[in-house]
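Subject: Structure for your review

Dear colleague,

Please find the structure below, as promised. My notes on what was found in it follow.

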Amino acid sequence: MTSPQQVSMPYYKATGREKEVFEHAFRNKLPVLLKGPTGTGKSRFVEHMAHALNRPLITVSCHEETSSTDLIGRFIIKGAATEWLDGPLTVAARQGAILYLDEIAEPRPDVIVAIHSLTDHRRTLFIDKLGQTWQAHDDFMLVASFNPGYQRGFKELKASTRQRFVALSFQYPEPKVEAEILCNETGVAQDVALKLVHIGNKIRNLKELGLTETASTRLLVDAAKLIHTGLPKRLSVRVAIVEPLSDDPEIVGALADLCDLMI
């Protein structure tokens, strides 16, 4: 669990009224769903808001093997006895933390079932293995992220589940704003930041290469960090942007040639 008192305010550049919406959702005890492609600042936004609201943050990166047991808790053997160990969902609900479920569509179906009673007026958590129902703390908040069809092979989220959340859409920022983010995150010069953003937008518009991922703001930040600490620009772009996008030598070569002309 990350306590807001332990770290400084994470940098986040608002592009709309998402902060205001999040604050009102917290005040009204409503869960929030963040929709958008990878690397658009969803996780950073949650970190920023947890700090702004002075609430602990528990993050769970969901995958296809994540189960309700992983979230709620399990019995463990300790010596000759068995003890109950709370999972992150139970800890957050009891202590009034913000629980962030990253990629909510990925885990097993029983995870969605487990959180249902926490996403409506009941705000309760049923722990089947203990035979107990817990009322969530007043300050508990459930936040989830979802990548709706931006990547091939990603699962869809049922409409009945989406409708349990207040939803915010995240997109890649406008070039000027994205360059500002790079400068604030890394200290890189503005002219370099603008070139990196130009590269990012160029790759995002390349449909013919069939990339499963695209050049996220996160990748641009990584490249800017390397450049700022003295790594040559073309090498920084290649290792931080081009290579992570594909393992196909022809695609990597084509992207590298494109980026070399732009940096």
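Contact here means heavy atoms within 4.5 Å. With that cut-off, and leaving out residues up to four places away in sequence, Ser 236 touches Ala 223, Leu 226, Ile 227, Leu 231 and Ile 241. Ser 236 is part of helix α10. Its relative accessible area is 0%, so Ser 236 counts as buried, the limit for that label being under 20%. Please keep in mind throughout that this is a predicted model.

The chain as a whole

The protein chain has 263 residues, and 46% of them count as buried. Its secondary structure consists of 11 helices and 9 strands. Along the principal axes, the C-alpha atoms fill a box of roughly 65 × 40 × 35 Å. The exposed surface of the chain comes to about 13400 Å², with 51% of it supplied by carbon and sulfur atoms. There are 31 positive and 32 negative charges, and the mean positions of the two sets lie 4 Å apart. Among contacts with a separation of 6 or more, 71% are between residues 24 or more positions apart.

Nonpolar cores

The largest nonpolar core is made of 31 residues. Leu 182, Leu 196, Ile 203, Val 237, Ile 241 and Leu 255 have the most contacts inside this core. At least two of the core's residues come from each of the helices α7, α8 (190–204), α9 (217–228), α10 (233–245) and α11 (249–260). Another core, of 29 residues, lies apart from it and includes Ala 92, Phe 140, Leu 142 and Ala 144.

Two of the residues named for the largest core come up again in the contact lists. Ile 241 is one of the residues touched by Ser 236. Leu 255 is in contact with Ile 203, Leu 206, Leu 209, Leu 211, Val 242 and Leu 245, once its neighbours within four places in sequence are set aside.

The β3–β4 hairpin

Strands β3 (residues 73–78) and β4 (residues 81–86) pair in the antiparallel sense over 6 bridges. They form a hairpin with 2 residues between them. Gly 79, in the turn, has a positive phi of about 70°. Lys 78 has Ala 81 in β4 as its bridge partner, and Ile 76 is bridged to Glu 83 of β4. As a general point, side chains in a regular strand alternate between the two faces of the sheet.

Two loop residues

Pro 173 and Asp 128 are both in loops, so I checked whether each is buried or exposed. Pro 173 sits between β9 (166–169) and α7 (175–186). With a relative accessible area of 12%, Pro 173 is buried, because the limit is under 20%. Not counting residues up to four places away in sequence, Pro 173 touches Thr 15, Glu 178, Ile 181 and Thr 217. Ala 93 is 80 residues from Pro 173 along the chain, and their C-alpha atoms are separated by 33 Å.

Asp 128 is in the loop between β6 (124–127) and β7 (132–135). Its relative accessible area is 60%, so Asp 128 is exposed, a label that requires over 50%. Asp 128 and Thr 69 are 59 residues apart in sequence, with their C-alpha atoms 9.8 Å apart in space.

Regards

Notes. Residues numbered from 1 in each chain as written. Heavy atoms only, no water. Helix = DSSP H or I, 4+ residues; strand = E, 2+ residues; numbered from the N terminus. Buried < 20%, exposed > 50% of the residue type's maximum accessible area, 1.4 Å probe, protein only. Areas by Shrake-Rupley, 256 points an atom, 1.4 Å probe, with all protein chains shown as cover. Lys, Arg positive; Asp, Glu negative; His and termini not counted. Charge placed at Lys NZ, Arg CZ, Asp CG, Glu CD. Core = buried A, V, L, I, M, F, W, Y, C linked by side-chain atoms within 4.5 Å. Pairing = 2+ DSSP bridges.
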